[in-house]
Amino acid sequence: MTSELARICTEEKSQVQLQQSQPQQSVLQIKVYKRRWLMLGLYMFYAGLVCSQWIQYSIVSNIIAKYYDVSMFLVDCTSMIFMLLYAIFIFPVTYLSEKIGLRWSIVLGSALCCLGSWIKTLSVSPDRFYLTLVGQAVAAISLTIMLPLPGRVGAKWFGSDEISTATSVGIFGSQLGISASFLLGPVIVKNHDNKDDIGSDLSVLSMSLAIAATINLILCTLFFQEEPKLPPNETRALQKTKHSQTNEEFIESMKRLFTNKSFLILCNSYGLNVGTFNAISTMLNQLFLIHFKNGEQSAGRIGLLLTLTGMFGSITFGIILDKTHKFKLTTVIVYFLTFLGQIFFAVAIFMEVEWMVYASSIFLGFFMSGYLALGYEMAAEYTYPESEAIPGGLLNITNNIYGVILILVLEKVLECYGDVLVHVIFCGVLLLGLILTIMTKDEHRRQDAKKAAEYQGIPQDEIRDKTKVEEGHV
């Protein structure tokens, strides 16, 4: 009798324990790790080195043209090659990145950045411009790997109330590299009469980049990790419930993105904005020297302000998004102020008042360059639960395509009609982008998934299925 009672009590206790354990299975276990800042710092260092090489030659285009005895168009090709190769390689590189993971993507990108930098140290000779283009091409493939990753680093390592800020800080690294190139290029490479002196300056610049890229490769190989053991946020926890990516799933993901109207409109509005920034950065030396003779260093400082203030813009807008989640409203306001900033910038150059050019570049850069983070976050909201790297990669195709088109067209416009029409076209392009931004829907798929995950009593499978239905998976 006693043994039978003990058996019944044991069974009831087991059932109670089972019932208590069942709700816990649906609770998403998350944890934020301190080493997330190290991962973000390593990514920033890598991104800064790659992006610094994009504008390395264009910001002193007149000096490079004289040293290598090539046309200004060929010098601009050192910038355009980054945009062209991005558009060509983004699909295979994105697929490879999904296969090998975040860690090995960054290690591979760092290795290519390092290789391209060392190739360019060998190109410092008036008859080796072709080797300069080869080094730029290798670095450009590294950019293709790097550019879609800031949202992925944020999603894999940061808490739900930090993702937008982390993405902004990641983009801060890219902008810091561009800023350094704008600042140091004209300071190191001066317009000497003697080509040997120009070559010595180019050697210093190229060797400095190569050494820094080597250090970056070592650090990323030793310390960068794929992701923490436990996911840091609810949306990442839900993503991890999906099966590992296969070729078929990658293609299906691409199909869903190409039928996502809001995302496609965003791609074009983002592309027009950032493509304009790419074109301005590439042609800044030429546009500035038309009105300010011997102003190479001033042009570099203006480029520095365009990107440096954009860093603070990115961080500011990232914090605003984390606090308010007003994605569309914030984006429309920033885009409108970018349009006004471009008008201000053009007027200041035409008036040939240098302090006004500096002031307008601060205003324009804060909003135009700061817009980069908003684009990534809008893409994440429109495309969740897709892996952040895929929409991030597609997002940047349009800005590179638009950037190349604008540079090719505006180089001809500048030659035939002068710089007034160039600035009018810049303003017109941004106005079109603003209209497209207003047309986008105010969707919050990632935020909705987070809220569902936080709601007690909804199993993970049900949340995932609901998200897939909304996304068109089912």
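I looked for disulfides first, in what is a predicted model. I found zero disulfides in the structure.

I then went through individual cysteines. Cysteine 51 takes part in no disulfide. Its nearest cysteine sulfur belongs to cysteine 113, 9.4 Å away. A disulfide would need the two sulfur atoms within 2.5 Å, so I left cysteine 51 as unpaired. I also checked its surroundings: cysteine 51 has a relative accessible area of 5%, so I noted it as buried.

Cysteine 220 came next, and this residue is in no disulfide either. The nearest cysteine sulfur is that of cysteine 113, at 9.5 Å. I looked up the accessibility of cysteine 220 as well and got 0%, which means that it counts as buried.

Next I turned to a helix pair. I took H7, residues 163-188, and H15, residues 371-383. Their axes lie 9 Å apart and the packing angle is about 135°. I therefore entered H7 as oblique to H15. I recorded the crossing of H7 and H15 as right-handed.

I listed the residues where the two helices meet. From H7 I wrote down Ile163, Ser164, Thr167, Ser168, Ile171 and Gln175. From H15 I wrote down Leu372, Ala373, Tyr376 and Glu377. Sorted by class, the contact of H7 with H15 has five nonpolar residues, four polar residues and one charged residue. I noted Glu377 of H15 as the charged one.

Note on methods. Residues are numbered from 1 along each chain as its sequence is written. This is a predicted model: local features need pLDDT of at least 70, side-chain atom pairs count only at pLDDT 80 or more; totals for chains, interfaces and linings use all residues. Side-chain values use heavy atoms; hydrogens and water are left out. Axes are lines fitted to C-alpha atoms, for helices over the stretch in contact, and angles run from 0 to 180 degrees between N-to-C directions. Helices (H or I, at least four residues) and strands (E, at least two) are DSSP runs, numbered from the N terminus. Angles under 35 degrees count as roughly parallel, over 145 as roughly antiparallel, 65 to 115 as roughly perpendicular and the rest as oblique. A crossing is left-handed if the near helix is turned anticlockwise from the far one by less than a right angle, and right-handed if clockwise. Contact means heavy atoms within 4.5 Å. Buried means under 20% relative accessible area, exposed over 50%, partly exposed in between (1.4 Å probe, protein chains only).
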